[in-house]
Protein chains: 2
Amino acid sequence: MASKTSWTLPSPPGNSLDTLSVPTEKSPLHVSNGVAMRRKTMKEAEKPKKAKYRIVNGITFCIEGGEPQELMNPQAPSYIDYFWSDKGDRSGFDVIREKHVQGKDVIKEMMDFFKERAAIEEQYARNLNKLSKSTHGEQEEGTLLAAWKSLKAELRQRSEAHSKFASKITETIEKPLFEFKESQKTDRKHHEQLLEKSRKQLQSLDAAIDKAKQSLNGLVKTSGKMKRQSSINGDVKIGDDMKKLEATYNQAQRLWVDNMIAACRDFERHEEERSAYLKDRFLAYIDLCVEAQETTAQALTYSTNMVDNINKKADREFFIKKKGTGTLRPVDRVILET
Amino acid sequence: MASKTSWTLPSPPGNSLDTLSVPTEKSPLHVSNGVAMRRKTMKEAEKPKKAKYRIVNGITFCIEGGEPQELMNPQAPSYIDYFWSDKGDRSGFDVIREKHVQGKDVIKEMMDFFKERAAIEEQYARNLNKLSKSTHGEQEEGTLLAAWKSLKAELRQRSEAHSKFASKITETIEKPLFEFKESQKTDRKHHEQLLEKSRKQLQSLDAAIDKAKQSLNGLVKTSGKMKRQSSINGDVKIGDDMKKLEATYNQAQRLWVDNMIAACRDFERHEEERSAYLKDRFLAYIDLCVEAQETTAQALTYSTNMVDNINKKADREFFIKKKGTGTLRPVDRVILET
């Protein structure tokens, strides 16, 4: 099932940092935030002026009350809009990743649940079948014997219905769940790898920026004392390096944004598919319950008829015909004739 | 339930052989056969003339093609008409007695059958209840969690329905069967004792008749040789003793007939009651099956509704509201202002 979100698509593929120099185009997400791109030299803490962003775990976040950002999918709450921030060491991706893993765990639990459910039915069916083969009541004759037999036939049919129920639970619920679970795993691992790589790159670029700033600060102090040409030349070179670093960092951050969008899109789609699949399997299970119920109800109807047919007069006639010893009654004996 | 046979009632009570001398009244059964009471001196084998009866195990039976005998209950085949003859060592009473014992055995089998049936339900209910308490799916949220809970609620209700079914089988079928079985036992033992006593008396009277006849034969030979007054006197005395013996035997045989009639009547009534009781218990069992079926069907309807209510959008909103980390997206970092 494809998701029906309306959010803006991320940048086209090929934005790998390995081939990245200075970006020529911004990702669509950033185009809308162009206003926020006025230049600042220092981090918030180093300037008395009000900062427009704050850096958390190497990511440069827009701040509350800063430049306005519209939701990417305002029609409905979507992963794409609500998991951007890091909270402590925990990223938004961690949260939706955990949800995905939890979903996988529940599918596994569902497999176990229905495996156990099928086992209960299987045992019940076995016990009923065993009882249906018992010799109880076989001394009976006629309609009573027929009623006894119908009762055992009902047990046998009930047993078959529950045994079939058990097999169908295994076939149509438990086993397909395994395949479904496996099918989502590859996607999750792909996103985990991409996001981890993006975050590491951002963190090392963030560290490189800090180091470059320290060098620049050192140079500014020196140049303040010396005012020599060499330091001016160095300033220009450091400025060029910083510009390159800035572009690389921002491109890496945009790639991370793209990766997050892709992960949100896939994980949300997976969760929707999982929900639909579980609903579907639950309904299939209910159908199987109803089917088993109908079969046993039918068997019961047959047995009811046979029990209703019990006829004591017919059975007595049957017994008399089969076992009667004779109708001639005794007569008085005459020993001496008068 | 009283039997609705139309046969003639046996002689009034008090016909014990202990108080018996010569009968003054014949039992109603024998009144209708008065024609057959012409006097014969010897058994069939001892006379070339066509015999009107034959003796089997001490009982004097009317022979086929002898005096006509009407059925006592011509409206329907009844025990009262079809178990008079002995076949080898086996009497008609043995046959209906065996049927009675068989009936008792089947009631015992029925108790065992439903005891086992209840045990199967009890185990099934226990297993379902255990699974209904499992923690599967509890990581879910919102409508999916509600669906999971309804599935377990369905299991719990199913378990309760089957547990109740098991208790009711015990209460309304298994246990009452025991009381019913016991209630028929006393009557059977009573008839067994009476009939055994009757048969023993008849056999010893039959033996006494044989012995008296041998004495008479011996006397006839002697008197043929001697023609003396003493032998004539002896002949008269033996004749009187034989008459008394004849009367005692016939009275004992009539008592046996009465006992047979009473046994037939009670055993047939017992069998009819047993048949009706079994039918009744079978129907009660079927009602319990239907009741359990209806309860589980209701539980299933509730679960179906909750599964139908699974709403992936609502669940996503629930998750985002609870776990969302923030909507503010990253912005480009500006290291050097231009």
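Chain A can be superposed on chain B with an RMSD of 0.2 Å by a turn of 180° and a shift of 0.0 Å along the axis, the fit being made by least squares on the C-alpha atoms of residues with pLDDT of at least 70 in both copies. This is the relation of a two-fold axis. In this predicted model, local features need pLDDT of at least 70 and side-chain atom pairs count only at pLDDT 80 or more, whereas totals for chains, interfaces and linings use all residues. Residues are numbered from 1 along each chain as its sequence is written, chains are lettered from A in the order in which they are written, and side-chain values use heavy atoms, with hydrogens and water left out.

A good place to start looking is the axis itself. Of the residues of chain A, A:Tyr124 comes closest to the axis, its C-alpha lying at 2.9 Å. The same surface serves both copies, as 100% of the contact residues of chain A recur in chain B.

The contact (heavy atoms within 4.5 Å) takes 131 residues from chain A and 132 residues from chain B. Together the two chains bury about 12,400 Å², 61% of it on carbon and sulfur atoms; buried area is the accessible area (1.4 Å probe) lost when two parts are put together, summed over both. In chain A, the residues that lose the most area to chain B are A:Arg329, A:Arg333 and A:Ile335, together 9% of what that side buries.

Charged partners also meet here. Between chain A and chain B there are 14 salt bridges, each a side-chain nitrogen of Lys or Arg within 4 Å of a carboxyl oxygen of Asp or Glu. One of them joins A:Asp332 to B:Arg254, with the closest N and O atoms 2.3 Å apart.
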